[in-house]
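These are my notebook entries on one protein chain. I set down what I looked up and what I found.

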Amino acid sequence: MSSITFYGWDVDYDEDRHLRAEQEPKSGKRYTMYHGTKVQTARQIIQGGFCQSSDGMLGPGVYVSRNQKKAERYPLNSPFTDRVVLKLSVDCGKIKRIDKDNHPLQKTWHSHGYDTAWVPPNCGMKAVPSGLEEDCIWDPKRIKVVDIALSPNTAIHTELKQLLAQSQNQQGTAAASGTCRLCNWKLVPAHSTQTCWGCGDTICTLMTQHKCKHWG
């Protein structure tokens, strides 16, 4: 058996996180999405998380969209001075496509094992006259606020950013124990680290980059 010289690696993980709003999402992925709300509600969401709505076009859940322009329309009938768009990271789980009025699973998709309902853009549903894509997430815990995409003025934007930073710091300590310190991915049973046989550094095979010091 011939020997193999190991130098390291350099990897880019895309994970479909940046699919455009018109592209169909895949189950089991995490996506960047947006949610439009009032200023005071934005404060409450940042500090305490989302709450499931009692009902809606797709039934109970949290309504979001990968299209920021869609989120900017909400809350309906609220002035621009009271609108905030939160940028989110959403673990979609199992996704059900709802693409027509009176779809048999339009409000019962969760009871059939789905975590997210997705209304594609320009599908013709009367309840979505804008034609912009929409998503309903059943479990609020699948949603994490990562930034402030839009706010009415600099003062409110700064305040919300500070609240978000405080919240992230508080969550960081608790989350760190469940995250690999080398690759920053969530720890799962099959996740393991090892010693590089070249330089002796502790490595994880999911790290985006490792340059073996032994081989220069």
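The entries below run from the overall fold to single residues.

**Entry 1: fold.** I note at the outset that the model is predicted. I counted three helices and 11 strands in the protein chain. Along the sequence I read the order β-β-α-β-α-β-β-β-β-β-α-β-β-β. The chain has 216 residues, and 38% of them count as buried. I then looked at contacts with a separation of 6 or more: residues 24 or more positions apart account for 63% of these.

**Entry 2: second largest pocket.** I recorded a volume of about 200 Å³ for this pocket. Which elements supply at least two residues each to the lining? I found strand E2 (30-37), helix H1 (39-48) and strand E3 (62-64). The largest share, three residues, comes from H1. Among the lining residues I listed His35, Thr37, Thr41, Gln44, Ile45, Phe50, Cys51 and Tyr63. By class, the lining holds five nonpolar and seven polar residues, and no charged ones.

**Entry 3: Val84.** I located Val84 in strand E4, which spans residues 84-91. Is Val84 buried or exposed? Its relative accessibility is 0%, so I entered Val84 as buried. Beyond its neighbours within four places in sequence, Val84 is in contact with His35, Gly36, Thr37, Val39, Ala42, Ile148, Leu150, Pro152 and Leu160. Two of these contacts, His35 and Thr37, also appear in the lining of the second largest pocket. I also checked Val84 against Ser151: the two are 67 residues apart in sequence, with 4.6 Å between their C-alpha atoms.

**Entry 4: Gly48.** I placed Gly48 in helix H1. Gly48 counts as exposed because its relative accessibility is 65%, and the cut-off for exposed is over 50%. From C-alpha to C-alpha, Gly48 and Ser167 lie 8.8 Å apart, with their positions 119 residues apart in sequence.

**Entry 5: Glu134.** I found Glu134 in strand E7 (residues 134-137). With a relative accessible area of 9%, Glu134 is buried. Which side chain does Glu134 join through a polar contact of 3.2 Å? I identified the side chain of Lys70 as the partner. Leaving out residues up to four places away in sequence, Glu134 touches Met57, Tyr63, Val64, Ser65, Lys70, Ala117, Trp118, Val119 and Val128. Of these, Tyr63 is also part of the pocket lining in Entry 2.

**Entry 6: cysteines.** How many disulfides does a search of the whole structure find? I obtained zero. I looked up the accessibility of two cysteines. Cys92 is buried at 0% relative accessibility, whereas Cys123, at 24%, is partly exposed.

**Entry 7: backbone geometry.** Most residues other than glycine have a negative phi, and most peptide bonds are trans. I therefore looked for exceptions to this general pattern. Tyr74 and Pro75 are joined by a cis peptide bond, with omega about -5°. Pro75 sits in the loop between helix H2 (68-71) and E4. Asn77 is in the loop between H2 and E4, and I noted a positive phi near 70° for Asn77. Asn77 is exposed, with a relative accessible area of 82%. The phi of Asn122 is also positive, near 55°. I placed Asn122 in the loop between strand E6 (116-119) and E7. At 67% relative accessibility, Asn122 is exposed.

Note on methods:
Residues are numbered from 1 along each chain as its sequence is written. This is a predicted model: local features need pLDDT of at least 70, side-chain atom pairs count only at pLDDT 80 or more; totals for chains, interfaces and linings use all residues. Side-chain values use heavy atoms; hydrogens and water are left out. A disulfide is a pair of cysteine sulfur atoms within 2.5 Å. Buried means under 20% relative accessible area, exposed over 50%, partly exposed in between (1.4 Å probe, protein chains only). On a 1 Å grid over the protein atoms alone, a cavity is a set of points where a 1.4 Å probe fits but cannot get out, and a pocket is an open set with protein on both sides within 12 Å along at least five of seven lines; lining residues have an atom within 4 Å of a point. Grid points are joined across faces, edges and corners, and a volume is the space filled by probe spheres set on the points. Helices (H or I, at least four residues) and strands (E, at least two) are DSSP runs, numbered from the N terminus. Ala, Val, Leu, Ile, Met, Phe, Trp, Tyr, Cys and Pro count as nonpolar, Asp, Glu, Lys and Arg as charged, and the others, Gly among them, as polar. A polar contact is a pair of N or O atoms within 3.5 Å; within protein, one must be able to donate a hydrogen and the other to accept it, and residues adjacent in sequence count only if both atoms are side-chain atoms. Contact means heavy atoms within 4.5 Å.
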